[in-house]
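The following exercises concern the chain shown below. Each task sentence is followed by a solution that goes step by step.

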Amino acid sequence: MIEYIIGSKLLASLAPKITDGVINLLRDVTDECKQAIRDDIYAYIGNFVEKYSKIKTFLFCEERRDFYDVYFPLSLEGRNKEMQVPDNPDELFAEHNFITLLGHAGCGKTMILRHLFLSACNKSSKIPLVIELRKLKGFDGSFKDFVADKVFSLKLSQNEKIFNSMLKTGKFMFLLDGYDEIAIEQKDALTHSLENFFDCYPQNSYLLTSRPGANAETLERFENYHVCKLSETQVFEFIDKQLGNGNEEDKELATKIKDLLDQSKNNPFMRYMSSPLLLSMFILTYNEHPELPKHVSSFYYNVFDTLHSKHDAKSKAGGYQHDKKSKLSQDEIRRLLEAFCFISYMQSTYEFSPEYLHDILPKLIERLKVVCTVDDIIYDLSVAISILVQDGTSYVFPHRSLQEYFAASYISHSREETKKKVYTEKFRDTDDTARITFWRLCEELDQSCFLQYFLIPSLKKYIGDLVKLNDKSLSRSENILFNYLQLTDTHVVKISDRYAIYRINFIRYNIIRYLRIQNSIVRQMFSTFKGINEKDLTLFVKRGQFHFNNKDKSKEVMEFYERNDIFKAAEKHIETLEEIVKEKENLLATMKDDSVAIMDLI
């Protein structure tokens, strides 16, 4: 049983850490300045104590509950070991000061970060500071400037010495949330800025959360941990945790859901129940949709349907429902929500200020010819339906996957000319790896156009780029390998005693991840470098340091690739891609034939 002080009393436990751990170590600083810094740290941490100690979830969206009433401990898998998220974060940082927490949408990364913050306030020897990286969007300055300004309210031009002294104490724990949410145009500059910060203040502890594939896992200092899926046993324990302490109706509901899941192990949707987010959503929707859907998109529709018109009716005495101030029908709210999600998602905007909402919503209200005010629709989305959650002065979706679903649904309901423009232009304007989940929803909802205008052309373009004979002195397979290395900017890096292969995100590489196919080039290179011998290793050591040059075509390196079958792996990669193109083209042709055949029946 996890027992922590949470709420306002939590700040009292921070006093000795701040005073003894940091403030008293400062030299040549006036008492007045020390008090101001102490107050700034209290104010910053106090904001997150208030924010994190209570929580609204899909299941409990009517009121904020104590965090530990709903928190479910998950497991982490690191190199050669698995561990449960510890009660004291100092245990997580016992061997490494730099930890990357990786996990797909809805796996529980944010809940883990909340727990680590609250437990650090209680038990850690360090002072926890949460930095939500998405909030650096539009910030004109470095990461160091952001920390100085937002955490300590320091003006670096006047207090550089004080700032450096504090951070060099090593008494801080930085919880950096959402590396994958950094705006694309800021990614390179902010990553460089982060790495400079880490280099300057390595004595502190750093935890960075991200979806896989955003290149957080390639940051050299960091040890990667992946959030484990819920095991079959944990799925049932999670249900009991959320409902077991409720009334008799909740306990009866828990029994019904567990019975259904126990009987539905062959349902393809069952694999999604290992996600805490989707499992929570299923619990919420069960009374109105007591079956497992076959598609994720159908499931998200059930969630919206439940939130819009059913949730209050089943959870309030007398069939109470929140009045909709906008007076819009469910269909009208859905159309408005789809258009809003499409625009905001394509803009990579995941947090909505009142100014943003009052800029976008009036245009949509006018264009869609619905009759309501902006304030009324904001009230309905955040209160009556609870599909938007207030986060400080801004609004967010309970999870980005809902925004992705409505954006994909908007595309599927658009005219074909619009779909073609989106798939051929807007999708190729981004290399954001987080959009892979979005692509899956698009394929479910709009398979024909998604295949015709996006997936098949993108694969053909990728194959064409790989097989180009850019170097006439090389064979086809050799050209394929070097084209791949340079298209993806693939590098091999040595981290401690192991080797890692990473690629700069680009859209065609993300499509390979989307297809979930085995990348024979990466697999063969990883296997080769994992077991590289000392003689071969000398090929990649320059001036005493490991250095992999993805343009190196020297005789010795070419023989290394040949000897280790890496050129053969390049040919295999092309064969795999060509097989997939053929498969998708056959599927598209079958869909067209089916449409014609059905029309002939009229």
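Accessible areas here come from the Shrake-Rupley method with a 1.4 Å probe. By this method the accessible surface of the chain comes to about 28100 Å², and 47% of that surface belongs to carbon and sulfur atoms. The model is a predicted one.

**Exercise 1. Overall form**

Task: Determine whether the radius of gyration of the chain agrees with that of a compact globule.

Solution:
- Step 1. For 602 residues, a compact globule would have a radius of gyration near 25 Å.
- Step 2. The chain has 26 Å, which agrees with the value for a globule.
- Step 3. Along the principal axes, the C-alpha trace spans about 80 × 70 × 50 Å.
- Step 4. The secondary structure consists of 25 helices and 15 strands.
- Step 5. Among contacts with a separation of 6 or more, 71% join residues 24 or more positions apart.

**Exercise 2. Charge**

Task: State how many positive and negative side chains the chain has, and how far apart the centres of the two sets lie.

Solution:
- Step 1. There are 81 positive and 89 negative side chains.
- Step 2. The centres of these two sets are 3 Å apart.

**Exercise 3. The nonpolar core**

Task: Identify the residues that touch the most other members of the largest nonpolar core, and the helix that contributes its largest share.

Solution:
- Step 1. Buried residues make up 55% of the 602 residues.
- Step 2. In soluble globular proteins, nonpolar side chains tend to be buried together.
- Step 3. The largest nonpolar core holds 192 residues, and Ile131 and Leu261 touch the most other members.
- Step 4. Helix 19 (residues 447-467) supplies the largest share of this core, with 11 residues.
- Step 5. Beyond its neighbours within four places in sequence, Ile131 is in contact with ten residues' worth of surroundings that include Tyr44, Leu136, Phe143, Phe146, Val147 and Asp177.**Exercise 4. Two positive phi angles**

Task: Compare Ser386 and Asp489 by phi, location and exposure, and decide for each whether it is buried or partly exposed.

Solution:
- Step 1. Phi of Ser386 is near 65°, a positive value in a residue other than glycine.
- Step 2. Ser386 follows helix 15 and is found in the loop between that helix and strand 10 (389-391).
- Step 3. Helix 15 (residues 374-384) has buried residues, including Val374, Ile377, Ile378 and Leu381.
- Step 4. Ser386 has a relative accessible area of 10%; buried means under 20%, so Ser386 is buried.
- Step 5. Phi of Asp489 is near 50°, again a positive value in a residue other than glycine.
- Step 6. Asp489 is found in the loop between helix 20 (476-487) and strand 12 (491-495).
- Step 7. Asp489 is partly exposed, because its relative accessible area is 31%.

**Exercise 5. Two charged residues in helices**

Task: Establish for Lys161 and Glu443 whether each is buried or exposed.

Solution:
- Step 1. Lys161 lies in helix 7 (residues 156-167).
- Step 2. The relative accessibility of Lys161 is 63%; exposed means over 50%, so Lys161 counts as exposed.
- Step 3. Lys161 and Leu277 are 116 residues apart along the chain, and their C-alpha atoms are separated by 44 Å.
- Step 4. Glu443 is found in helix 18 (residues 436-445).
- Step 5. Glu443 is buried, because its relative accessible area is 13%.
- Step 6. Leaving out residues up to four places away in sequence, Glu443 touches Phe450, Leu451, Tyr514 and Lys584.

Conventions: Residues are numbered from 1 along each chain as its sequence is written. Side-chain values use heavy atoms; hydrogens and water are left out. Helices (H or I, at least four residues) and strands (E, at least two) are DSSP runs, numbered from the N terminus. The radius of gyration is taken over C-alpha atoms; the globule rule is 2.2 Å times the number of residues to the power 0.38. Buried means under 20% relative accessible area, exposed over 50%, partly exposed in between (1.4 Å probe, protein chains only). Contact means heavy atoms within 4.5 Å. Lys and Arg count as positive and Asp and Glu as negative; His and the chain ends are not counted. The place of a charge is taken as NZ of Lys, CZ of Arg, CG of Asp or CD of Glu. A nonpolar core is a set of buried Ala, Val, Leu, Ile, Met, Phe, Trp, Tyr and Cys residues joined through side-chain atoms within 4.5 Å.
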